[in-house]
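The following exercises ask the reader to work from the overall layout of a chain down to its sheets and helices. Each task is followed by a solution that proceeds step by step.

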Amino acid sequence: MDLKLYDTLTREKRLFEPIDRNRVRMYVCGPTVYDYAHIGNARPVIVFDVLYRLLRHLYGADHVKYVRNITDVDDKINARAAERGIPIRELTEETYRNFREDVAALGCLPPDVEPRATEHIEEMKILIERLVASGHAYVAEGHVLFSVPSMPDYGQLSKRPLDEMIAGARVDVAPYKRHDQDFVLWKHSKPGEPGWPSPCGIATPGRPGWHIECSAMSWKHLGEVFDIHGGGIDLVFPHHENEIAQTRCAFHTPVMANVWMHNGFLQVEGEKMSKSLGNFFTIHDLLKDWPGEVLRFNMLRTHYRQPIDWTVKGLEESYNILRSLTDWPEFLTGKDERIAPSVLETLCDDLNTPMAIAEIHALHKKGDFASLGPTLRALGFHQRPESKRTVDAEKVNLLVAERLDARKTRNFSEADRIRDELAKMGVVLKDSKDGTTWEIAR
Ligand code: AMP
Ligand code: ZN
């Protein structure tokens, strides 16, 4: 079946043709490991996991190589380690372990390779030296900078007007830059900062800039040109634009990757997620209240390129839908994984997961459980979600009894108040002629 993917670089949905069908190669920018990943970070992880599963289905599991890096050198990491008074390595390892557990709970397969930036310093230095040798980079005061004017077609991915790009690059404007847009490949490390012996004959130690890390790791594990490069939409500029500049200029290639894919942003209850607004959720915390498959399902109900509004109402719906799609006993015992043709067709249309879910509903409605189970499992849904919400049963029973008393004395406003209080605790009441029973809503 033909796979069509939307390419951010050409701004069109195109037929995907791998460079080598026996070795389909995908790189996705991974986490910077200094703290728990938030639910926005989970979006690219889940979206590209679905793509990985689809590619494995289409080309064979042994013919797909998925690389997702770990950024374990970064100024945010240094600051956090200092704040906590622990070694950098301890912080990055702890954060990475948590990340791995969280995303496994979301039903995501581990990538084939998870390269760490600190283990690819040599490759970064080779790239940097090549760029300096070919006039695409220069040394200034212990730093190495990429010279943006040296690349006439710089900026094709983000297609931003030049003045916007300059404004974006000004974030770290420095006197040693020849041009405002130039960006750092290697920076000088002050005493106490992590540092490695520098390239290009620089005597003082230094550390890599963020963009060069991904150029080096993708080169090492996937080659000079590969098939798919992915990440969140916020990475288009400057991160991916600069990765393209570095890699293409180092290898004199017309492209770095044939398809550039970007997931839309996630917001929470209609607002940008931020710590100051109190609506910042880590995957780790959400997993305490919600089964991982519900978080995964909720993410996939929106097409990956659309913005997603993450709401409790949406999660409750997702829980109920997933419960009903898995409400037949053989689901739990089945093992095989295979995507039904009707579902495959929707996924091959630029990963249209909302349509895929509609087709899954159709299979359920038809009672085609022979197709439904293998399809759900192939998409990472292996178990029926079970509510994680716990309530204090004694307290609930007490409130139920109080409500009954209130009703007996015809104090209906009090009875309603108690019902609302229980609803807030996630308890639903069922009144019948035999009395009142209750259950946890999710
Ligand atoms: P970071 O650790 O900030 O580099 O982000 C890791 C990945 O998560 C990148 O692919 C980002 O684009 C993505 N990401 C970060 N925040 C969000 C968000 N709110 N919605 C969707 N993706 C996000
Ligand atoms: Zn990257």
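**Exercise 1. The chain as a whole**

Which domains does the domain assignment of the protein chain give?

Solution. The model is a predicted one, and the assignment for its protein chain gives domain 1 (12-263), domain 2 (312-378) and domain 3 (393-440). As a next step, take the separation of two of these parts: the C-alpha centres of domain 2 and domain 3 lie 36 Å apart. The C-alpha trace of the protein chain spans about 85 × 50 × 40 Å along its principal axes, and the chain holds 16 helices and 14 strands. Finally, of the 442 residues, 51% are buried, while among contacts with a separation of 6 or more, 75% are accounted for by residues 24 or more positions apart.

**Exercise 2. The parallel sheet**

Determine the strand order of the open sheet with parallel pairing, and identify its edge strands.

Solution. The order of the four strands is 4-3-9-10, and the pairing is parallel. The edges are held by strand 4 (64-68) and strand 10 (257-263), each of which pairs on one side only. Neighbouring strands of this sheet are turned by 20 degrees against each other on average, with direction ignored. To examine one pairing in detail, consider strand 3 (residues 24-28), which runs parallel to strand 4 and is joined to it by five bridges; here Val24 has Val64 in strand 4 as its bridge partner.

**Exercise 3. The antiparallel sheet and the helices on it**

Why is one side of strand 5 and of strand 8 left without a neighbour in the sheet?

Solution. Begin with the order, which is 5-6-7-8 for this open sheet of four strands with antiparallel pairing. Strand 5 (137-140) and strand 8 (206-208) stand at the edges and have a single partner strand each, so one side of each lacks a neighbour in the sheet. Neighbouring strands of this sheet are turned by 20 degrees against each other on average, direction ignored. Next, look at the pairing of strand 5 with strand 6 (residues 143-146), which is antiparallel and extends over four bridges, with Val144 in strand 6 as the bridge partner of Val139. Then add the helices: helix 4 (residues 121-133) lies across strand 5, strand 6, strand 7 (183-188) and strand 8, and runs at about 120 degrees to strand 7. Helix 7 (residues 236-251) also packs on the sheet, where it touches strand 6 and strand 7, and its direction makes about 85 degrees with that of strand 7.

**Exercise 4. Two helices, checked for length and burial**

Compare the expected span of helix 6 with the distance between its end C-alpha atoms, and then establish which residues of helix 10 are buried.

Solution. For helix 6 (residues 210-222), 13 residues at 1.5 Å a residue should span 18 Å, and the end C-alpha atoms are 19 Å apart, which agrees. Helix 6 is mostly covered, since 11 of its 13 residues are buried, among them His211, Glu213, Trp219 and His221. Just after helix 6, Gly223 takes a positive phi of about 100 degrees.

For helix 10 (residues 312-325), 14 residues should span 20 Å at 1.5 Å a residue, in agreement with end C-alpha atoms 20 Å apart. Its buried residues are Gly314, Leu315, Ser318, Tyr319, Leu322 and Leu325. Seen down the axis of helix 10, these buried residues fall within an arc of 140 degrees, so they line one face of the helix. They pack against helix 9 (292-300), strand 12 (308-310), helix 13 (353-366) and helix 14 (369-378).

Technical notes: Residues numbered from 1 in each chain as written. Chains lettered and ligands numbered in written order. Predicted model: local features only at pLDDT ≥ 70, side-chain atom pairs only at ≥ 80, totals over all residues. Heavy atoms only, no water. Helix = DSSP H or I, 4+ residues; strand = E, 2+ residues; numbered from the N terminus. Expected span 1.5 Å × (residues − 1). Buried < 20%, exposed > 50% of the residue type's maximum accessible area, 1.4 Å probe, protein only. Arc of directions from axis to C-beta. Contact = heavy atoms within 4.5 Å. Pairing = 2+ DSSP bridges. Axes fitted to C-alpha atoms, helices over the stretch in contact; angles between N-to-C directions. Domains from an automatic or database assignment.
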